[in-house]
Amino acid sequence: MPTIGKVSRVKIPASTANLGPGFDTLGMALSLYAWIEMKPSEHTVFHLYGEQLEGVPGDKSNLIYQVAQQVFEAAGVTIPELEISMYSDIPLTRGLGSSASAIVGALAAANALIGSPLSDAKLFDMATSIEDHPDNVGASLYGGIVTAIWDGQHADCIRLEPDVNLEALVVIPHFQLSTSKARQVLPSEFGMKDTVYNISHSSLLVAALATGQLDKVAAAMKDRVHQPYRAALVPGMTEVLEDAHKHGALGAALSGAGPTLLVLADRRSDRKAELENYVTSKMQEAGIESTVMWLRPERNGVKVYNGEDVLPFLDMIKGETES
């Protein structure tokens with residue numbers, strides 16, 4: 001029988017999915033984070049911190065609570081009332097894996113609270129079943145770059161170590177775009193030419209990332225399955241994806257379902273300022289307010305803190321964000 005602890009804390013990275021052609025199969029963790037603390041309680045209560053969590057429900061309909069209960073049920077444990085604290089720097093419904101980070105964080109925190117009886121593989125299956133695709137949750141769970149599969153019951157992935165010189169410029173528009181809306185514009189069937197095109201480009205991209213051949217990335221990130229259909233949802237996107245490499249980018253893609261744009265660069269490049277100015281100007285020309293941020297691929301997945309960390313929740317986060 002699992003032993004119920006007093007408290008668990010976890011840190012979860014954001015993620016970007018698809019990387020262009022790898023629709024629902026490729027993901028990469030990014031250096032933007034959320035933190036969750038979970039305790040047994042007499043009454044369920046939420047402490048939600050940060051502007052990114054505005055509007056998130058503070059009752060048992062909350063996704064974190066619901067996912068935690070799935071862990072307890074799978075482990076044969078009953079903890080109906082929880083005190084849950086969360087702080088997040090990951091913007092909601094922007095294509096940076098906010099829901100995946102919440103799911104992975106809830107699974108890991110709940111599992112740690114009861115002594116971690118469930119394996120990472122089991123948590124991956126559960127996370128993918130909830131999210132319905134393995135790319136974002138795989139990246140947040142394992143870190144690095146993941147190429148993943150899901151057959152409806154079992155998820156599996158191979159993790160790649162990101163190249164040390166890889167950097168990510170994310171352009172985050174100031175409007176939300178739900179995954180469900182972004183999926184509605186996609187066709188239900190694809191022709192053989194477009195299917196083969198994406199399979200070949202996705203294969204080339206994985207090989208380029210695995211071998212460090214970053215000069216192949218721009219060509220490999222091209223896509224015909226989702227980005228052309230979603231272009232109308234993100235003004236300025238098409239031109240950035242087509243021309244970012246002319247301004248020093250290794251390649252560019254819509255991050256997940258969008259609206260965030262992901263632009264990969266070599267950290268050693270002397271054209272990073274030019275690249276940032278280019279994407280910023282293109283968003284402005286399209287009339288889109290946005291935040292531009294340089295991130296790195298996060299090599300570590302979800303982090304479970306040990307019981308020796310006695311700092312208050314927000315003090316711990318402040319210490320990490322200022323370090």
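In which strand is Thr16 found? Thr16 is found in strand β1, and the views below, all drawn from a predicted model, begin with this residue.

**Figure 1. Surroundings of Thr16 in strand β1.** With a relative accessibility of 0%, Thr16 counts as buried, because the limit for that class is under 20%. Its side chain is joined to the side chain of Ser255 by a polar contact of 2.7 Å. Apart from residues up to four places away in sequence, Thr16 touches Leu26, Gly27, Met28, Leu30, Gly95, Asn136, Ser255, Gly256 and Leu262. Two of these partners reappear in later views: Gly256 belongs to the hairpin of β8 and β9, and Leu262 is a buried residue of β9.

**Figure 2. Surroundings of Ser15 in strand β1 (residues 8-17).** Ser15 has a relative accessibility of 0% and therefore counts as buried. The side chains of Ser15 and Asn136 make a polar contact at 2.7 Å. When neighbours within four places in sequence are left aside, the residues in contact with Ser15 are Met28, Ala29, Leu30, Gly95, Leu96, Gly97, Asn136, Ala139 and Ser140. Among them, Asn136, Ala139 and Ser140 are buried residues of helix α4.

**Figure 3. Helix α4 (residues 135-142) and the elements that cover it.** Of the 8 residues in this helix, 7 are buried, and the helix is mostly covered. The buried positions are Asp135, Asn136, Val137, Gly138, Ala139, Ser140 and Leu141. These residues pack against strands β1, β2 (26-40) and β5 (145-150), and also against helices α2 and α3. After α4 comes Gly143, which has a positive phi near 75°.

**Figure 4. Crossing of helices α2 (residues 98-113) and α3 (residues 120-131).** The two axes come within 10 Å and cross at roughly 145°, and the crossing is right-handed. On the α2 side, the contact is formed by Ser99, Ala100, Ile103, Val104, Leu107, Ala108 and Asn111. These residues meet Leu123, Met126, Ala127, Ile130 and Glu131 of α3. By class, the contact comprises 9 nonpolar, 2 polar and 1 charged residues.

**Figure 5. Leu107 within helix α2.** At 1% relative accessibility, Leu107 counts as buried, since the value is under 20%. Residues up to four places away in sequence not being counted, Leu107 touches Val67, Val71, Leu123, Met126 and Ala127. Leu123, Met126 and Ala127 are also among the residues of α3 in the contact between the two helices. From Leu107 to Ile130, the separation is 23 residues in sequence and 11 Å in space, C-alpha to C-alpha.

**Figure 6. Open sheet of 4 strands in the order β8-β9-β7-β10.** The pairing in this sheet is antiparallel. Strands β8 (251-254) and β10 (290-295) stand at the edges; each has a single partner strand, so one side of each is left without a neighbour in the sheet. Direction ignored, neighbouring strands are turned by 20° against each other on average.

**Figure 7. Strand β9 (residues 261-266) and its pairing with β8.** The two strands run antiparallel and are joined by 4 bridges. Ala252 has Val263 as its bridge partner in β9, while Ala253 has Leu262. The hairpin of β8 and β9 has 6 residues between the strands, and Gly256 in this hairpin takes a positive phi near 60°.

**Figure 8. Enclosure of β9 and its pairing with β7 (residues 166-173).** Strands β7 and β9 run antiparallel and are joined by 6 bridges. Leu262 in β9 is the bridge partner of Val170. Because 6 of the 6 residues of β9 are buried, this strand is largely enclosed by the rest of the structure. Leu261, Val263 and Ala265 point one way from β9, whereas Leu262, Leu264 and Asp266 point the other way.

Notes:
Residues numbered from 1 in each chain as written. Predicted model: local features only at pLDDT ≥ 70, side-chain atom pairs only at ≥ 80, totals over all residues. Heavy atoms only, no water. Axes fitted to C-alpha atoms, helices over the stretch in contact; angles between N-to-C directions. Left-handed = near helix turned anticlockwise from the far one by under 90°. Contact = heavy atoms within 4.5 Å. Nonpolar A, V, L, I, M, F, W, Y, C, P; charged D, E, K, R; others polar. Pairing = 2+ DSSP bridges. Buried < 20%, exposed > 50% of the residue type's maximum accessible area, 1.4 Å probe, protein only. Polar contact = N/O pair within 3.5 Å; in protein donor to acceptor, adjacent residues only side chain to side chain.
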